[in-house]
Amino acid sequence: MTERSRFRVLVYSDDRDVRNTVMAALGTRPHPDLPEVEFVECATEPVVWQHLDDARRRPDLVVLDGESTPVGGLGVARQMKDEVFQAPPVLVLTGRPQDAWLATWSRADAAVSHPIDPLRLAEVFVDLARSVLQPG
């Protein structure tokens, strides 16, 4: 792993409870070999784009709620993969396990379904974070 003090994670959901559930499940140190997580909460899609468009504010990993309204995280994920050069990895939260095909359509790197299982979310998150931090 590379040496870094912080790992920026953008969490997008129009639902404060979903954002809080994600952040509580991951905590500030989801695994001992990962740096401390710094969360950036976004309740609206325009704020997500502000962070993605600014190299100084760009997150290392993005968690998008596919159930957000009026703009769902699955659409944001697909647009991000199409439009952002070297887009960060995306973890989408789908409405149910049967919606995994939507995560594939969105080009997300991983998916976890509602209701959020904190252990499963942390496991998937740690795998994605390691892919960012490991060289090559």
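Visitor: How many bridges join E1 to E2, and which way do the two strands run?

Guide: A good place to start is a single strand pair. In this predicted model, E1 and E2 run parallel and are joined by seven bridges. To see one position in that pairing, find valine 9, which stands opposite phenylalanine 39 in E2.

Visitor: What does E1 pair with in E3, and over how many bridges?

Guide: E1 and E3 are a parallel pair with four bridges. Look for tyrosine 12, which has leucine 64 of E3 opposite. Leucine 64 also stands opposite valine 92 in E4, which takes you one strand further along. E3 and E4 are again parallel, over four bridges, and leucine 91 in E4 is the bridge partner of valine 63.

Visitor: In what order do the strands of the whole sheet come?

Guide: Follow the pairs from strand to strand. Here the order is E2-E1-E3-E4-E5, giving an open sheet of five strands with parallel pairing. Strand E2 (36-42) and E5 each have a single partner strand, so they stand at the edges with one side lacking a neighbour in the sheet. On average, neighbouring strands are turned by 20 degrees against each other, direction ignored.

Visitor: Are the residues of E3 buried or exposed?

Guide: Burial is read residue by residue, and a residue under 20% relative accessible area counts as buried. Five of the five residues of E3 meet that condition, so this strand is largely enclosed by the rest of the structure. Leu61, Val63 and Asp65 point one way, Val62 and Leu64 point the other way, and all are buried. E1 is mostly covered too, with six of its seven residues buried.

Visitor: Which strands do the helices H1 and H5 lie across?

Guide: For a helix on a sheet, read which strands it crosses and then its angle to one of them. H1 lies across E1, E2, E3 and E4, at about 175 degrees to E2. H5 lies across E1, E2, E3, E4 and E5, and its angle to E4 is about 160 degrees.

Visitor: At what angle do H1 and H5 pack, and how far apart are their axes?

Guide: Helix H1 (residues 16-26) and helix H5 (residues 118-133) pack at about 70 degrees, with axes 9 Å apart. The two helices are therefore roughly perpendicular to each other. At the contact, Val22, Ala25 and Leu26 from H1 meet Pro118, Leu121, Ala122 and Phe125 from H5. The residues of this contact are seven nonpolar, no polar and no charged.

Visitor: How many residues does the largest nonpolar core have, and which have the most contacts inside it?

Guide: A core is read as a connected set of buried nonpolar residues. The largest one here has 24 residues, and Val9, Val22, Val63, Leu91, Leu93, Leu121 and Phe125 have the most contacts inside it. Two or more residues come from each of strand E1 (6-12), H1, strand E3 (61-65), strand E4 (90-94), strand E5 (110-113) and H5. H5 gives the most, with eight residues.

Visitor: What is leucine 121 in contact with, beyond its neighbours within four places in sequence?

Guide: Leucine 121 is in contact with Val22, Ala25, Leu26, Leu91, Leu93, Val112 and Ile116. Finally, look for a second, separate core of 18 residues, which includes Leu10, Leu52, Val76 and Val90.

Note on methods
Residues are numbered from 1 along each chain as its sequence is written. This is a predicted model: local features need pLDDT of at least 70, side-chain atom pairs count only at pLDDT 80 or more; totals for chains, interfaces and linings use all residues. Side-chain values use heavy atoms; hydrogens and water are left out. Axes are lines fitted to C-alpha atoms, for helices over the stretch in contact, and angles run from 0 to 180 degrees between N-to-C directions. Angles under 35 degrees count as roughly parallel, over 145 as roughly antiparallel, 65 to 115 as roughly perpendicular and the rest as oblique. Contact means heavy atoms within 4.5 Å. Ala, Val, Leu, Ile, Met, Phe, Trp, Tyr, Cys and Pro count as nonpolar, Asp, Glu, Lys and Arg as charged, and the others, Gly among them, as polar. A nonpolar core is a set of buried Ala, Val, Leu, Ile, Met, Phe, Trp, Tyr and Cys residues joined through side-chain atoms within 4.5 Å. Buried means under 20% relative accessible area, exposed over 50%, partly exposed in between (1.4 Å probe, protein chains only). Two strands pair if DSSP finds at least two bridges between them.
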